[in-house]
Amino acid sequence: MSSLETTRAELGLVVVYLNKAEARDKICRAIQYGSKFLSDGQPGTAQTVDKSTSLARKVFRLFKFVNDLHALISPVPKGTPLPLALLGKSKNALLSTFLFLDQIVWLGRTGIYKDKERAELLGRISLFCWMGSSVCTSLVEIGELGRLSASIKKLEKEMGSKDKHQSEQYRAKLQKSNERSLALIKAGMDTVVAFGLLQLAPKKVTPRVTGAFGFASSLISCYQLLPSHPKSKTV
């Protein structure tokens with residue numbers, strides 16, 4: 001490929017990436033928590049950016065609760081152990097509830113919904129739901145990693161002295177294990193962020209700590225949404 005074609009292909013990937021509402025939301029999330037880290041809860045430009053970006057992100061999430069509601073009533077993959085299936089459904093239920101209540105919070109902050117006290121209460125309940133969904137996600141990923149590990153060991157035993165990395169099946173399982181490990185790290189970080197936003201331990205999980213974990217979690221989300229790179233054509 002010529003340099004112009006390569007550049008065009010790379011820009012095409014950027015366009016595809018930025019056309020995703022989810023990707024734009026996560027970029028805004030990185031800005032939001034990066035600003036929270038810089039402000040450390042103190043008034044100023046960084047805190048203004050944090051609050052305005054937080055409000056703007058709620059627009060991106062309008063009706064997004066339908067996604068997890070659909071996942072909640074969808075059948076689980078065959079072979080999934082009952083505990084993991086229940087944890088997965090709990091995660092969907094909690095996340096759907098969080099996203100639904102978050103819309104009422106947005107209506108309250110924009111002045112459309114007049115009962116501010118109730119809006120704040122619902123906002124706090126929604127954060128507990130998000131924290132619960134993050135905990136469920138962590139447990140699901142731990143369980144799935146255990147299943148993958150057992151599957152990989154079994155495959156290694158079957159392959160014996162053969163080069164494992166030549167096996168497409170082995171590489172696929174290894175990649176899936178890496179993806180789930182990253183998802184586990186992100187879920188753990190999100191649990192800390194929710195803990196900080198709820199101010200359950202304000203002296204330990206300060207706005208700066210919350211911002212740092214939220215920013216790192218956002219970068220992971222941005223990475224997870226990257227489109228696959230097209231393979232170069234050989235001449």
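## Notebook: helix H2 and its contacts

I started with a pair of charged side chains: Asp190 and Arg29 meet in a salt bridge, with 3.0 Å from N to O. This pair links distant parts of the chain, since Asp190 is in helix H7 (residues 168-197) and Arg29 is in helix H2, 161 residues apart. I checked the accessibility too, and both Asp190 and Arg29 are buried. A reminder to myself that this is a predicted model, so every value in these entries is computed.

Next I wanted the overall tally. How many salt bridges does a search of the whole structure find? It finds eleven. The textbook point behind such pairs is that side chains of opposite charge can pair when their charged atoms come close.

I then went to Glu22, because Glu22 turns up in two of the pairs I looked up. One partner is Lys26, and the closest N and O atoms of that salt bridge are 3.7 Å apart. That value sits inside the 4 Å cut-off for a salt bridge. Lys26 and Glu22 are four residues apart in helix H2, so about one helical turn separates them. Is Lys26 buried or exposed? Lys26 counts as buried, because its relative accessibility is 13% and the limit for buried is under 20%. Glu22 is partly exposed, with a relative accessible area of 27%.

The other partner of Glu22 is Lys64, and here the closest N and O atoms are 2.7 Å apart. Glu22 lies in helix H2 while Lys64 is in the loop between helix H3 (45-60) and helix H4 (65-73), so this salt bridge ties together parts that are 42 residues apart in sequence. Which residues are linked in a network of salt bridges? I noted Glu22, Asp25, Lys26, Arg57 and Lys64.

While I was at that loop, I looked up the backbone of Phe63. Phe63 is found in the loop between H3 and H4, and it has a positive phi of about 65° although it is not a glycine. Phe63 is exposed, with a relative accessible area of 58%.

Asp40 got the same check. It has a positive phi of about 55°, and it is not a glycine either. Asp40 lies in the loop between H2 and H3. With a relative accessible area of 27%, Asp40 is partly exposed.

Then I turned to how H2 packs. H2 and helix H8 (residues 207-224) pack at an angle of about 160°, and their axes are 7 Å apart. An angle over 145 degrees counts as roughly antiparallel, and H2 and H8 are therefore roughly antiparallel to each other. I also noted the handedness: H2 passes H8 in a left-handed crossing.

My last entry is on the surface. Which residues make the nonpolar surface patch of about 290 Å²? They are Val14, Leu18, Ile27 and Ile31. Helix H1 (3-18) and helix H2 (21-39) are the elements that give two or more residues to this patch. I looked up Ile31 on its own: its place is in helix H2, and it is partly exposed, with a relative accessible area of 43%. That fits the patch rule, because patch residues need over 30% relative accessible area.

To sum up my H2 notes: helix H2 holds Arg29, the partner of Asp190 in H7, and Glu22, the partner of Lys64 in the loop between H3 and H4. H2 also packs with H8 and gives two or more residues to the nonpolar patch.

Terms used. Residues numbered from 1 in each chain as written. Predicted model: local features only at pLDDT ≥ 70, side-chain atom pairs only at ≥ 80, totals over all residues. Heavy atoms only, no water. Patch = residues over 30% accessible without salt bridge, like charges linked within 9 Å, V, L, I, M, F, W, Y side chains within 5 Å. Areas by Shrake-Rupley, 256 points an atom, 1.4 Å probe, with all protein chains shown as cover. Buried < 20%, exposed > 50% of the residue type's maximum accessible area, 1.4 Å probe, protein only. Axes fitted to C-alpha atoms, helices over the stretch in contact; angles between N-to-C directions. Parallel < 35°, antiparallel > 145°, perpendicular 65-115°, else oblique. Left-handed = near helix turned anticlockwise from the far one by under 90°.
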